[in-house]
Amino acid sequence: MSSGQIFRVENEGPIAWVVLNRPEKRNTLTLEFFSGLTEIFRQLDSDPETAVVVIRAEGRDFTVGLDLTEAAAILNADSAGSREEMRRRIEEIQESMNSVEKCRKPVIAAVQGYCIGGGVDLLCACDIRIAARDAVFSIRETRIGIIADLGTLQRMPHIVGYGWFNELALTGRNFTAGEALQMGFVTRICENGEELAGRARELAGEIVQCPPLAVEGVKDVALYSRDNGIYPGLKYVAQKNAAVLPNEDVVEAFQAFLEKRAPRFKRN
């Protein structure tokens, strides 16, 4: 489950680590990155052995954003045909971020250094974001004359609220890990990369201890409710629980409680 040298996938029991692996290029986002991300997350979604995914990066920075050399070829549309091709290509790239959000397994992002432009799009598609104290974020597209088009404008307001979002998106300024924590974009700040990886592993481990059907159901219902509203979301979760309850996980949870032992949930 690999996409050349751009990613490295490491399996640690039920935790899959997706590692951005071009530190010499500060993990810039190429066309191959986006297609590889889609492929990896579709495989992780269907992998019965994977319960949680953690995205991290090698090197000083998480990512400094889009590879502008490659992007220039896409953005240089000078005819109706090439503009239509650009629209199709953008939609294909959008699907890479969608594949992260659609993955039934919870996705944790662990960020150090710079996380710029498309990196913020990627974080917005994750379920939990934690950061090292040196992390710096920016919706940088505004400053180079582009409308961010991979999901930040659609997802980030639901994470931090429109006040913070509008300030950051309209100015394109850098914001720190401290600001990200204040606004709720990240939930934890760690002092260094080692602590960051350890905290990501700890969070993933806590999720692994919960029944897989319940974890996947929470993610599914939360996304449905965000996109469709409170009352449709309530109907959706009622239907979902009616379809899956009772199940082996619930029986095992109750039995483990009565027997005062750790539950043993099935993953496939």
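These legends accompany close-up views of a predicted model.

**View 1. Six strands line up in one open sheet.**
Follow the strands across and you will meet them in the order β1-β2-β3-β4-β6-β9, with mixed pairing. At the edges stand β1 (7-12) and β9 (188-190); each has a single partner strand, so one side of each is left without a neighbour in the sheet. From one strand to the next, the twist averages 20°.

**View 2. Strands β2 and β3 run side by side in parallel.**
Here we zoom in on one pair from the six-stranded sheet. Strand β2 covers residues 15-20 and strand β3 covers residues 52-57, and 6 bridges join them. To find one of these links, look for valine 18: its bridge partner in β3 is isoleucine 55. Helix α8 (residues 193-208) packs on this sheet, where it touches β1, β2, β3, β4 (107-111), β6 (128-132) and β9. The direction of helix α8 makes about 160° with that of β6.

**View 3. A smaller group of 3 strands forms an open sheet.**
The order this time is β5-β7-β8, and the pairing is again mixed. Strands β5 (114-116) and β8 (174-176) are the edge strands, each pairing on one side only. On average, neighbouring strands of this sheet are turned by 25° against each other, direction ignored. Strand β7 (residues 136-138) pairs with β8 in the antiparallel sense, over 3 bridges. One residue to look for is valine 136, whose bridge partner in β8 is threonine 176.

**View 4. The largest nonpolar core holds 49 residues.**
Which residues touch the most other members of this core? They are Phe33, Phe41, Ile55, Phe62, Phe137, Met156 and Phe185. Helix α1 (residues 31-46) gives the most to the core, with 6 residues. Another core lies apart from it and has 18 residues, among them Val52, Ile108, Leu203 and Ile207.

**View 5. Phenylalanine 62 meets residues from elsewhere in the sequence.**
Leave aside the neighbours within four places in sequence, and phenylalanine 62 is still in contact with several residues, including Leu20, Ile55, Ala110, Tyr114 and Leu123. Asn27, Arg56 and Gln112 are also among its contacts. Phenylalanine 62 and Ile55 may look familiar: both appeared in the list for the largest nonpolar core.

**View 6. Glutamine 239 sits in helix α10.**
This helix spans residues 230-244. Is glutamine 239 buried or partly exposed? With a relative accessible area of 48%, glutamine 239 is partly exposed. Glutamate 252 is 13 residues away along the chain, and the C-alpha atoms of the two residues are separated by 22 Å.

Note on methods. Residues are numbered from 1 along each chain as its sequence is written. This is a predicted model: local features need pLDDT of at least 70, side-chain atom pairs count only at pLDDT 80 or more; totals for chains, interfaces and linings use all residues. Side-chain values use heavy atoms; hydrogens and water are left out. Helices (H or I, at least four residues) and strands (E, at least two) are DSSP runs, numbered from the N terminus. Buried means under 20% relative accessible area, exposed over 50%, partly exposed in between (1.4 Å probe, protein chains only). Two strands pair if DSSP finds at least two bridges between them. Axes are lines fitted to C-alpha atoms, for helices over the stretch in contact, and angles run from 0 to 180 degrees between N-to-C directions. Contact means heavy atoms within 4.5 Å. A nonpolar core is a set of buried Ala, Val, Leu, Ile, Met, Phe, Trp, Tyr and Cys residues joined through side-chain atoms within 4.5 Å.
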